[in-house]
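The following exercises concern the model shown below. Each task is followed by a worked solution.

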Amino acid sequence: MRLSLRFVLPLMLVLAGIAYAIIPLVDQLTLRWFVHDLDVRSSLIANTIQEPLQEQLVAGNRAKSREFFNRITQGERLYAVGYCASATGKALASRFLPAEIHCADLDRWEGPGDHVFPSPRGPLHVAVKPMSSEAAPAGRLVLVHDMSFVTRRSEETKRYVFYFFMGLAGVVSLVTVIIAQLSWRGWMAGMHALLRGEGLLRQPGPGAQPKLPGFNPIARDLQRLISELGAETRARDESQITWTPESLRAILQGELRGEDVIVVSNREPYIHQRKGEQVEVQQPASGLVTALEPIMRACSGTWIAHGSGSADREVVDRHDHVAVPPDKPAYQIRRIWLTAEEEAGYYYGFSNEGLWPLCHIAHVRPTFRSGDWAQYVAVNRKFTQAVVSEAKTKSPIILVQDYHFALLPQMIREQLPDATIITFWHIPWPNPESFAICPWRDEVLAGMLGSSILGFHTQFHCNNFVDTVDRFLEARVDRESFNVSFGGKLTAVRRYPISIAWPPEAEMLQKSVPDCRSDIRRMNDLPAEHKLGVGVDRLDYTKGILERFRAIERLLELNPEWIGRFTFVQIAAPTRSGIEEYEHHEAQVQALAAHINGRFGHQGPPPIALKVEHHEPREVYEYFRAADLCFVSSLHDGMNLVAKEFVAARDDECGVLILSQFTGAARELPEALIVNPYDADQCTAALHLALSMPAAEQRDRMRLMRGLVAEFNVFRWAGRMLLDAAAMRRRSRLIDKTSRTEA
Ligand code: F6P
């Protein structure tokens with residue numbers, strides 16, 4: 001509106017100026033017309049009175065002629081009439097013939113020229129008309145008209161002209177304002193869409209007409225500019241930022257104005273367990289925890305998670321908070337308590353019997369129960385309330401983790417519309433056909449699209465997600481920008497390959513590799529030069545532990561020289577033991593290990609050492625440093641951080657990584673021996689190759705992999721998400737600002 005006024009006022013002034021300039025012209029023009037009219041009228045009157053006047057003159061009756069003149073000047077306009085017989089005599093005239101008009105100087109009034117005579121009474125029009133020559137007597141008639149009506153008319157005309165221009169100014173202004181408002185709205189809508197990253201050039205449906213045809217070329221330019229800027233910023237990020245905890249803190253302080261960070265996950269980073277009289281603190285086997293914990297140490301804030309430890313309630317304050325890490329507190333955990341019923345439905349049921357097998361496609365049928373779904377919804381709501389109560393500002397940064405909380409982003413968005421919600425899906429996303437079997441697929445998708453940013457490990461998973469949304473929701477999917485617009489909100493779907501902290505904590509590398517080698521061998525009753533392989537996983541059917549063992553069995557069949565000289569230590573963290581499929585799987589793993597050990601364990605140490613128990617990260621690192629090879633054979637895995645941890649642990653640049661092609665990590669670590677875990681012979685060949693690989697080749701491969709993990713560490717993972725979030729917040733601030741200007 002203000003903008004419109006800024007335009008209208010000058011317009012009105014300009015039109016007033018035009019009116020001011022035009023009025024004198026109009027005045028002159030009308031005066032000329034009136035003078036011409038009076039000339040014509042004078043000729044007419046002269047012709048009309050000529051005959052009777054001559055008769056009276058012939059009769060010599062001058063008094064009658066004067067009376068005749070007086071009579072005809074009684075009308076409104078003819079002011080005076082006079083007759084000059086010659087240039088020397090006195091005029092025979094009606095009452096008001098001005099004294100300044102003499103018969104001697106009538107020439108000045110005759111013919112074309114200025115006939116206006118300014119008398120004290122007002123302007124008069126003087127016309128001199130000769131009597132016709134055949135007439136007797138001849139002479140000249142003087143006709144004087146009152147021109148005061150011209151002044152009156154001129155005033156009126158000026159007034160009308162003025163009103164006309166003012167009216168015109170009003171109409172033009174009104175039309176201008178309306179057009180300006182409409183165009184401004186269109187422009188603003190276009191700008192908003194553009195700034196939100198929506199493709200203006202792409203229309204919602206097939207055959208739909210562009211809404212802003214004139215805007216498209218500008219939109220294209222702006223869009224190109226924005227993406228060039230984005231690319232430039234990214235290039236700068238990659239080349240200039242060394243990703244450390246400090247760089248994350250700098251982003252939070254600088255780009256995100258010191259906003260609070262709230263992480264939400266099911267699994268908590270520290271679990272307090274009662275062991276008799278003691279309370280022990282455990283760090284769970286979880287890729288999510290491995291990645292997020294260093295981030296929270298760097299950023300501080302609050303981590304909301306399920307309090308699942310037997311002593312968890314004993315150590316929290318009255319707000320259910322506990323400061324961690326226990327030895328050097330840097331952030332706090334807010335624990336959420338779940339009933340057995342909630343845990344059964346939400347965690348074991350919908351999350352791990354439904355979504356987990358659904359997303360992994362590891363040949364275990366997903367199970368969906370409406371009771372589980374109800375608990376899943378209820379627990380998501382419970383966590384939402386916790387997020388809202390922990391938020392210290394209206395626009396906190398909330399990092400929602402994993403498939404346990406698909407509904408959380410939308411639920412949070414309803415209560416904290418200005419929050420920046422970054423959701424990270426740690427597991428794969430299947431193709432639309434596979435995902436379609438979920439009875440609540442639309443609700444899950446809609447819930448996730450409450451996020452500002454939705455991250456997956458690989459582009460393949462992003463593609464699958466976007467395809468799924470496109471197939472099942474009434475959403476607008478821009479495949480160029482990978483933005484999804486749903487319910488008036490925009491979600492950026494992005495690939496952020498997760499990683500681990502680099503460098504690893506000094507404590508993890510404290511014990512030298514030779515010491516680790518000898519200690520681990522001694523602990524496992526293995527000879528000093530015994531070849532050692534290691535696997536570290538939760539005891540989960542997606543990890544391909546059975547396939548791994550079968551490959552080891554095949555190795556010993558095909559290459560018996562390794563019998564008694566090679567042992568594979570499988571660290572298997574117990575997990576989800578309330579689920580039948582997991583119990584069954586553990587039994588299968590135990591049985592296969594026993595079977596292989598039964599077949600090949602007679603000529604020395606058993607080929608498989610299965611350790612189904614929790615190991616702290618420090619113990620795991622010791623195994624990594626002691627091993628000759630690490631075998632990761634997941635059937636499907638979002639990333640798999642064990643692979644990266646093995647690489648990080650090997651500062652001696654030795655050891656060989658065998659890595660399933662179905663992990664996200666395989667895309668980043670091609671120097672590993674990449675295998676198909678379903679292909680036992682290929683895995684066997686890889687095992688053999690790893691066991692016989694020369695140290696120089698091990699070093700070459702390990703060096704390259706370490707370079708990658710160092711560069712693409714978890715601070716970069718979080719930093720890039722936070723930078724993208726900061727850019728989004730800047731854009732939406734800009735949109736708000738322009739909207740305010742518009743109003
Ligand atoms: O890495 C995938 C993941 O599902 C994590 O998200 C999770 O914390 C971890 O595996 C362990 O699973 P759980 O928390 O069920 O023990």
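**Exercise 1: The cysteines**

C103 is buried, with a relative accessible area of 3%, where buried means under 20% relative accessible area, exposed over 50% and partly exposed in between, with a 1.4 Å probe and protein chains only. The model is predicted, so local features need pLDDT of at least 70 and side-chain atom pairs count only at pLDDT 80 or more, while totals for chains, interfaces and linings use all residues. Residues are numbered from 1 along each chain as its sequence is written, and side-chain values use heavy atoms, with hydrogens and water left out.

Task: Determine which residue a disulfide joins to C103.

Solution.
1. A disulfide is a pair of cysteine sulfur atoms within 2.5 Å. C84 meets this criterion, with an S to S distance of 1.9 Å to C103.
2. The structure holds 1 disulfide. The link is left-handed, with -80 degrees about the S-S bond.
3. C84 lies in strand β1 (residues 78-84) and C103 in the loop between β2 and β3, so the pair links distant parts of the chain, 19 residues apart. Strands (E, at least two residues) and helices (H or I, at least four) are DSSP runs, numbered from the N terminus.
4. C84 is also buried, at 3% relative accessible area.

Task: Explain why C438 forms no bond with C359.

Solution.
1. The sulfur of C359 is the closest cysteine sulfur to that of C438, but the distance is 8.8 Å, too far for a bond.
2. C438 is buried, at 2% relative accessible area, whereas C654 is partly exposed at 26%.

**Exercise 2: The open sheet**

Task: State which strands stand at the edges of the sheet, and why one side of each lacks a neighbour.

Solution.
1. The order of the 10 strands is β10-β11-β9-β6-β12-β13-β14-β17-β16-β15, with mixed pairing; two strands pair if DSSP finds at least two bridges between them.
2. β10 (321-324) and β15 (476-478) are the edge strands; each has a single partner strand, so one side is left without a neighbour in the sheet.
3. Within the sheet, β6 and β9 pair in the parallel sense over 3 bridges, and V264 has I304 in β9 as its bridge partner.

**Exercise 3: A helix and its surroundings**

Task: Decide whether helix α18 is largely enclosed or open.

Solution.
1. In α18 (residues 641-649), 9 of the 9 residues are buried, so the helix is largely enclosed by the rest of the structure.
2. Its buried residues pack against elements including α6, β18 and α20, contact meaning heavy atoms within 4.5 Å.
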